[in-house]
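Good morning, colleagues, and thank you for coming. I should like to walk you through one structure, beginning with a single residue and then turning to the helices and the interior.

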Amino acid sequence: MKSEDKEEQLEEYLKKIDKEQAFIWKGSETRAYFNAAYGYEFLKIAEGCDNNCSFCIIPTIRGRQTSRPIESVLEEVKTMLQSGVKEIQILSQDTTRYGTDIYKKAMLFELLEKIDAVEGDFKVKVYYLYPDVVTLTHLKRLKNLKKFIPYFDIPLQHIAPNVLKRMGRFYDDNHIFKLLDFIRTEFSESFIHTNFII
C-alpha cells in the first residue's frame, strides 16, 4: 500500500472519531489511539537499538536508537489522558537506554518521574527493562512513583554467566538474583514477566 493511501485511510478514520484520540508524533504522521476505548494505550518513546548482541537482528532491522525528546513524550501523555487513556504502556526496543542518543546518558527514570508528576488519574506500565542497565538504585526510584504499576518486564534471556557473556549481555546470575530479590521484597504485589532463549 502506498504511503498516500495510508494517509488517506487514516484521515478517514480520524473523521469518524474524536480528534483528541490521535497525536501528531513524527513530522506530519498522525498516530491514532486504537486502544483508548479499552482504557489503555502504548506509548513508544524510542525506536531502534545500539546494542550488538550476538544473537539479535533488531539493530539491522530497526537501525540505531532514536529517542523522542522528553517534551514530546510528555505532550503525548497529556493527549492520551484527554482521550480517556487510564493505563499508559511505555515501550521501545531498548527502553532502559532511552535518551542516550540525545541526552548522552540514559534518561528513562527521569522521564518516568516527569510522567508521574503529570496530573490525572492514570497508571504507567513499562516494558523491556534490560537487567544490564537496571540497578537497585533504579528500582528504588520506581518504588517512589505513585503511578507505576509493579509489572516488571525484564528480558533475562539466560542465567548461565558464560552463555550471557557469549550473547553479549553485560550481567551475570548474581546481578539477576539481586534484582529479583529486591523486587519480591520491596514490591509486595509485583508481577515479573521475562523470556529465556534456549
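**From an exposed loop to the buried interior**

Lys104 is exposed, since its relative accessible area is 69%. The residue is found in the loop that runs between helix H4 (100–103) and H5. Its phi is near 65°, which is a positive value in a residue other than glycine. Please keep in mind throughout that the model is predicted.

Let me now give the overall frame. The protein chain has 198 residues, and buried residues make up 46% of them. Its secondary structure comes to 8 helices and 9 strands. Among the contacts in the chain with a separation of 6 or more, 69% are between residues 24 or more positions apart.

I turn next to a pair of helices. How do the axes of H5 and H6 cross? Helix H5 covers residues 108–116 and helix H6 covers residues 136–143; their axes come within 10 Å and cross at roughly 5°. The two helices are therefore roughly parallel to each other. On the H5 side, the contact is made by Phe109, Glu110, Leu112 and Glu113, and on the H6 side by His138, Arg141 and Leu142. By character, the residues of this contact divide into 3 nonpolar, 1 polar and 3 charged.

Each of these helices also has its buried residues. In H5 they are Leu108, Phe109, Leu111, Leu112, Ile115 and Asp116. They cover an arc of only 155° around the axis, and so they sit on the same side of H5. What lies over them? The cover includes helix H3 (70–82), strand S6 (87–91), strand S7 (123–126), H6 and strand S8 (148–153).

In H6 the buried residues are His138, Leu139 and Leu142. Viewed down the axis of H6, they fall within an arc of 100°, so they line one face of the helix. Their cover includes H5, S8 and helix H8 (173–186).

Strand S6, which I named a moment ago as part of the cover of H5, contains Gln89. Is Gln89 buried or exposed? Its relative accessibility is 6%, so Gln89 counts as buried, the cut-off being under 20%. The side chains of Gln89 and Tyr127 are joined by a polar contact of 2.7 Å. Not counting residues up to four places away in sequence, Gln89 touches Tyr40, Glu41, Phe42, Leu43, Lys125 and Tyr127.

My last stop is a pair of residues in two loops. Arg169 is placed in the loop between helix H7 (161–167) and H8, while Gln157 lies in the loop between S8 and H7. Arg169 has a relative accessibility of 5% and therefore counts as buried. Gln157, at 7%, counts as buried too. Their side chains make a polar contact with each other at 3.2 Å. Leaving aside neighbours within four places in sequence, Arg169 is in contact with Cys53, Phe55, Tyr130, Asp132, Gln157 and Leu164.

Gln157 also brings us back to the opening. Its phi is near 70°, a positive value in a residue other than glycine, and Lys104 likewise has a positive phi, near 65°. Gln157 is buried, whereas Lys104 is exposed.

Thank you for your attention.

Technical notes. Residues numbered from 1 in each chain as written. Predicted model: local features only at pLDDT ≥ 70, side-chain atom pairs only at ≥ 80, totals over all residues. Heavy atoms only, no water. Axes fitted to C-alpha atoms, helices over the stretch in contact; angles between N-to-C directions. Helix = DSSP H or I, 4+ residues; strand = E, 2+ residues; numbered from the N terminus. Parallel < 35°, antiparallel > 145°, perpendicular 65-115°, else oblique. Contact = heavy atoms within 4.5 Å. Nonpolar A, V, L, I, M, F, W, Y, C, P; charged D, E, K, R; others polar. Buried < 20%, exposed > 50% of the residue type's maximum accessible area, 1.4 Å probe, protein only. Arc of directions from axis to C-beta. Polar contact = N/O pair within 3.5 Å; in protein donor to acceptor, adjacent residues only side chain to side chain.
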